[in-house]
Amino acid sequence: MTAEMSDLPFLPYGRQQISAEDEAAVLEVLRSDWLTTGPRVAAFEQAFAQFCGAAEAVAVSSGTAALHAALQAVGIVEDDEVIVPAMTFAATANAVLYQRAKPVIADVLPDTLLIDPVAVAAAITPRTRAVIAVDYAGQPCDYDALRQLCDVHGLVLIADACHAPGALYKGRQVGTLADLSTFSFHPVKHLTTAEGGMITTQNPVWAERMRVFRNHGITSDHAQREQKGTWFYEMQELGYNYRLSDLQCALGLSQLKQLPAWLTRRRQLAQTYQQLLLSLPQVQPLALSPDIEHAWHLYVVQVPQRDRVFQALRAAGIGCQVHYIPVHLHPYYQRHLQTGPGLCPVAEQAYASVLSLPLFPQLSEADVTRVLQSLGSIVRHLEK
Ligand SMILES: *Cc1c(COP(=O)(O)O)cnc(C)c1O
């Protein structure tokens, strides 16, 4: 079976799509005067804000930089605590450490793997300043519950929405559900700028702080420059070089036009997976909340003997992936935050069985059928 299957083209779990129009947009910038910060940065920010229905969008160099900028903007400092879910990419918690604050890891719900509001409530201390909710796989968290908790305790609510551009919660758009929402434009995400990120918010003061933060902390107040001489600039706070170039913003703008069609295609493919899985009870998809419209960054299933299934699928030319090692099990976190097994049992149990199957817009229904036929014969074989 394996040898026969591996003659078929390798299917990655995710992949970007670059059109001739994307190429032309990038080439146009290459031939212009502005390679880095120029007119396309503001244009991409505006278009992305409009896509999300947010007042402000700030472009930065990665999804990780977006998280860092959001935390700095709301004033997270040394010894503050920020609650993050166990089931996420390490960057969510790492950004908290960049501000010398402490990530406090909360467990997730067993059926959706989204942050558990009860676990969040239990993790709140007098030092808690913010909660970062991760819209795992593309499904928005329970923002009403999280908002209520944050309001009661005076906490900032940040959405790590890197999986979920275009998703909805109770008819409201991702990008407007939290005080700040962060996105990534890495090639496996919904749209790409090679590397890149964005933060959306309704708060113009935070947006301005993030624009200063991404440029070394340098203020570029035109009126001041006018007054003191055009060369003048000064650094008010410690910032970073987290800028996104015009070259990348041109690609992002062009990609963004495709996003609605790509979301539709991802939803169709997920529907096909859901349908076909009904006849494969050994493989369980995650639960879907009735309150949401999913963005389907990942198609995650839970399987028995995950590592053996992973190996066999790879051998059959099907690129699956594990999302994620729970944050608190990474050796760095175990060493520096004294975390370890037992801290978030739900995430740990899920980690043993989760597998992300291929999902990207160019995937065909035949590819989905192939993935599930392989998966079916693998799990049935392992049962023997
Ligand atoms: C991709 C991702 C990030 C980081 O984004 P980069 O652009 O790779 O820095 C952060 N959080 C989550 C949940 C992600 O999926």
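**Figure 1. Arg 100 and helix H5 in the predicted model.** Arg 100 follows just after H5 and has a positive phi of about 60°. Helix H5 covers residues 90-98, and its buried residues are Ala 90, Ala 91, Thr 92, Ala 93, Ala 95 and Val 96. These buried residues pack against two helices, H4 (63-73) and H12 (331-336). They also pack against strands S2 (81-85), S3 (102-106), S4 (128-134) and S5 (156-160).

**Figure 2. Asp 79 in the loop between H4 and S2.** Asp 79 is not a glycine, yet its phi is positive, at about 75°. Most residues other than glycine have a negative phi. With a relative accessibility of 48%, Asp 79 counts as partly exposed, because the exposed class begins over 50%. Both elements that flank this loop, H4 and S2, are among those against which the buried residues of H5 pack.

**Figure 3. Gln 338 in the loop between H12 and H13.** Helix H13 covers residues 345-351. Gln 338, a residue other than glycine, has a positive phi near 50°. Its relative accessibility is 63%, so Gln 338 counts as exposed.

**Figure 4. The cis peptide bond between His 323 and Tyr 324.** Omega of this bond is about 5°. Most peptide bonds are trans. Tyr 324 lies in the loop between helix H11 (306-315) and H12. Both His 323 and Tyr 324 are in contact with Tyr 136.

**Figure 5. Surroundings of Tyr 136 in the largest nonpolar core.** The core has 123 residues. Tyr 136 is listed with Tyr 143, Leu 355, Leu 357 and Leu 375 as having the most contacts inside it. Helix H10 (residues 246-277) gives the largest share of this core, nine residues. Beyond its neighbours within four places in sequence, Tyr 136 is in contact with Met 87, Thr 112, Leu 113, Leu 114, His 163, Leu 286, Val 300, His 323, Tyr 324 and Val 354.

**Figure 6. The whole protein, for orientation of the close-up views.** The protein has 14 helices and 15 strands. Its radius of gyration is 22 Å, close to the 21 Å from the globule rule for 384 residues, so the protein is as compact as a globular protein of that length. The C-alpha trace spans about 80 × 55 × 40 Å along its principal axes. Of the 384 residues, 55% are buried. Among contacts with a separation of 6 or more, 72% join residues 24 or more positions apart. The exposed area is about 16700 Å², of which carbon and sulfur atoms supply 54%.

Conventions
Residues numbered from 1 in each chain as written. Predicted model: local features only at pLDDT ≥ 70, side-chain atom pairs only at ≥ 80, totals over all residues. Heavy atoms only, no water. Helix = DSSP H or I, 4+ residues; strand = E, 2+ residues; numbered from the N terminus. Rg over C-alpha atoms; globule rule 2.2 N^0.38 Å. Buried < 20%, exposed > 50% of the residue type's maximum accessible area, 1.4 Å probe, protein only. Contact = heavy atoms within 4.5 Å. Areas by Shrake-Rupley, 256 points an atom, 1.4 Å probe, with all protein chains shown as cover. Core = buried A, V, L, I, M, F, W, Y, C linked by side-chain atoms within 4.5 Å.
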